[in-house]
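Trainee: I would like a close look at one helix contact in this model. Please go on afterwards to the other details worth checking.

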Amino acid sequence: MTMGMYRLEPLSSFERSGQAVSFRFGKALLAVSVLSENLLRVRYAFGGDFLPRRSWAVTPEDQAFSAVEFQVTEEAAQVVITTGQVRLQVSRQDGGVTFLDMAGNTLLQDAAGGPAFEPSGVVSSLKLMPPDEHYYGFGERTSLLDKRSRRYTCWNVDPVDRHEDHGPGTDTMYQSIPFFLALRPRVGGFGLFFNNTYQTVFDMGQSFLDQYSILASGGELDYYLIYGPSPRQIVENYTALTGRMSLPPRWALGYQQCRWSYFPEAQVREIAAGLRANRLPADVIHLDIDYMDGYRVFTWDKNHFPNPSKLIADLAEDGFQVVTILDPGVKYDPNSDYEVYNQGEAKDYFVRKPDGEVFHGFVWPDDSVFPDFVRPEVREWWGGLHKELLEAGIKGIWNDMNEPAISDRPFSENGLKIDFPMDSLLGSPEERVTNAEIHNMYGYLEDVATYQGLRKLQPDTRPFLLTRSGYAGIQKMAAVWTGDNTAVWEHLEMAMPQLANLGLSGISFTGTDIGGFAGAGSGELWARWIELGAFYPFARGHSALGTSQKEPWVFGEEVTTIVRKYLELRYRLLPYIYNLFEESTRSGVPIMRPLLYHFWQDPATLELHDQVMLGEGLMLAPVYRPGQEYRHVYFPEATWYDFWTGGPVTERHLLAYAPLDHLPLYAKGGSIIPFGPVIQHTGERPLDQLTLQVYLDDQGQAQGYLYEDDGISFGYERGEHCRTIYRAVTAGAGKVKLTAHREGAFQPPARPVEIKIFGPDGLKEARLDEDKVSWEIMV
């Protein structure tokens, strides 16, 4: 705790009202809301009055939750709230809380003295840290998987600009996700979401080995406790609280190619032709900032792109969708015909300083002003500005620099990075907030504006939105990539725990720049990166201005062949990957997961950062060091198969042979994984050829499913989809019975079904000429 902290007086009274219990400690209040049997909200008002709910709050109102039974009992030293799954003890002496499961295991316990506050507005809570507890989440954090023993600040910045590079030691990043999971083997765990948008600091044992602290520079000490005990249950409940993604368009699951920048138009066409000529499956080409006229957002440089609609239509004919970048900085352009600036200035839509003057900062167009996205009318205006881009054929939007990243002088002069003044007032007259409170929400609210605008302009077309900055709940609107990484082996290694922790933080549609954004890298690095990146939920190759070209064919035939192999595998796996996306819309389950997500009771998985799961059925163990052809692979307790040979893996520890073109990849017994044909883009053909790879578990069984819809509209929300459930059971005499049953209104294309069953007796194969609504086969 810092100097000058004040603590609560002893409990003077408490009362139950509906789903909440209110406690008074002198002037201060504590409200505990029971939102479900495993979800409690703990909220302190040290001055005696709770703050009003913000219109942009990321969690539902307490009243939106269904009533749940709970008991309140008094004990000598505490008041106890008990649901069917957890207990919360409130100390009469200092207002501290202890969170327990029904077996009596302490999950969370405040340190002596309870919560604290400063007259300046700082609030904090110090909690005990069990020696065997592990911590995960916090969004896109760098370094390894377990977040114990580090300090994490939630304050959105462009770390490349502020620290020259980001790496394992970087603290502040582009996203602020004040949520973590705490996990202990054999006990289980809980999640904690700190519902505070001010600058916050989680000190997870860096200052004290046996304690961790949560501190915010303003606002309330307001957090949700989410009981598991498993990571799956924690993430499901957290995403039920902060939201889950909608299904993206199916083409967004394809490979995406980008560079800062592809221009002029001829180079864009050259890149598209190169992908097709080298038979590298791809669906998307991104246009970075140089497609604009002087970096003015929502414009085209007519010298480099004289006919954008024709270019985009030609690319679409060859199976490519186009995504354009946008930044929040609007060029300060008075006395011009630049309508975006003129409209914003006329309607007073830009952020102002405390003295009332419009705030100016420098970004790509040099002198720029910034929309006040806190105001609903500004968000509506900004969303509508996408109309001409959509009319030109643009299919997706890429929001960049939206922390926001701002300099105090032109970028060419290497100025200091700045924020809006902390006491700047944003928002409508009815809801004025300071930048100190809203800074971490700026990119999130731009994404709200963009997503809602795209939905309004094309009501039955699924938007694709990619963002660099955001806050908890960003998964509802956008995919997230981890910003400006570097073409170094350490960043390839770091990608696995980064994406795993993003997934545990509720954000499933994620990726890092394949091959590394900054720096040149090498062909070997690109080959190893695609072996992992081909399985990213968001798979995009990207490179920076001033670096050598890094399209796969630049590195020669060997690397191109490797890239082709893994992109073809990604496209064959799209039915399985699409399953995972659909599952995430229903339950919030991550697409790329750390092993502890499924095997948390195995202590060996709790710090295992360099193996990841794609869904529950596939395990990846990439090589992430130069010159290596072997790596150690750990196999948790389950039945496993080598994906490439189909043979069973009986070891718990394996030294896997992995020459440059080989990714150690394994299938988990009990899984049925659907495959499609090799295609060059998702629009090439429907799923008219289906392969089911069945991996039997130690009981001789397996199950899986195939989800299908039109891949582009919101018809799935109206029931226009289907789901086929597959079950395999060993039936004796060396036979396996495989059954299928399809339900739902969507009609898939006519197709044959190839069946491959992997088990202790080797491979069994069969074929069905017709994929009927229901079928059964003995193999």
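Mentor: The helix contact comes first, then a second one, then single residues and the backbone.

The model is predicted, so local features need pLDDT of at least 70 and side-chain atom pairs count only at pLDDT 80 or more, while totals for chains, interfaces and linings use all residues. Residues are numbered from 1 along each chain as its sequence is written, and side-chain values use heavy atoms, with hydrogens and water left out.

Start with helix α6 (residues 376-384) and helix α9 (residues 442-457). Helices (H or I, at least four residues) and strands (E, at least two) are DSSP runs, numbered from the N terminus. The axes of α6 and α9 lie 7 Å apart, and the packing angle is about 55 degrees. Axes are lines fitted to C-alpha atoms, for helices over the stretch in contact, and angles run from 0 to 180 degrees between N-to-C directions. α6 and α9 are therefore oblique to each other (under 35 degrees is roughly parallel, over 145 roughly antiparallel, 65 to 115 roughly perpendicular, the rest oblique). Their crossing is right-handed: the near helix is turned clockwise from the far one by less than a right angle, whereas anticlockwise would be left-handed.

Which residues of α6 meet α9? From α6 come Arg379, Glu380, Trp382, Gly383 and Gly384. From α9 come Leu445, Glu446, Val448, Ala449, Thr450, Gly453, Lys456 and Leu457. Contact means heavy atoms within 4.5 Å. The residues of this contact divide into five nonpolar, four polar and four charged (Ala, Val, Leu, Ile, Met, Phe, Trp, Tyr, Cys and Pro count as nonpolar, Asp, Glu, Lys and Arg as charged, the others, Gly among them, as polar).

Now set helix α11 (residues 523-533) beside helix α12 (residues 557-572). Their axes come within 9 Å and cross at roughly 5 degrees. That makes α11 roughly parallel to α12. On the α11 side, Gly523, Trp526, Ala527, Ile530, Glu531 and Gly533 make the contact. α12 supplies Val559, Ile562, Val563, Tyr566, Leu567 and Arg570. The residues of the contact of α11 with α12 are eight nonpolar, two polar and two charged.

Next, single residues. Threonine 200 sits in strand β18 (residues 200-203). Threonine 200 is buried, at 0% relative accessible area (buried is under 20%, exposed over 50%, partly exposed in between, with a 1.4 Å probe and protein chains only). Leaving aside residues up to four places away in sequence, threonine 200 touches Tyr152, Thr153, Cys154, Phe194, Leu215 and Ala216. Cysteine 258 is buried, with 0% relative accessible area. Cysteine 722 is buried too, with 0%. A disulfide is a pair of cysteine sulfur atoms within 2.5 Å, and by this rule the count is zero.

Last, the backbone. Most residues other than glycine have a negative phi, and most peptide bonds are trans. The bond from glycine 228 to proline 229 is cis, with omega near 10 degrees. Proline 229 lies in the loop between β20 (221-227) and α2 (231-242). Glutamate 403 and proline 404 are also joined by a cis bond, with omega about 0 degrees. Proline 404 lies in the loop between β27 (396-399) and β28 (406-407). Methionine 401 is found in the loop between β27 and β28. Methionine 401 has a positive phi of about 60 degrees and is buried, at 5%. Aspartate 366, in strand β26 (residues 366-369), has a positive phi of about 70 degrees. Aspartate 366 is partly exposed, at 36%.
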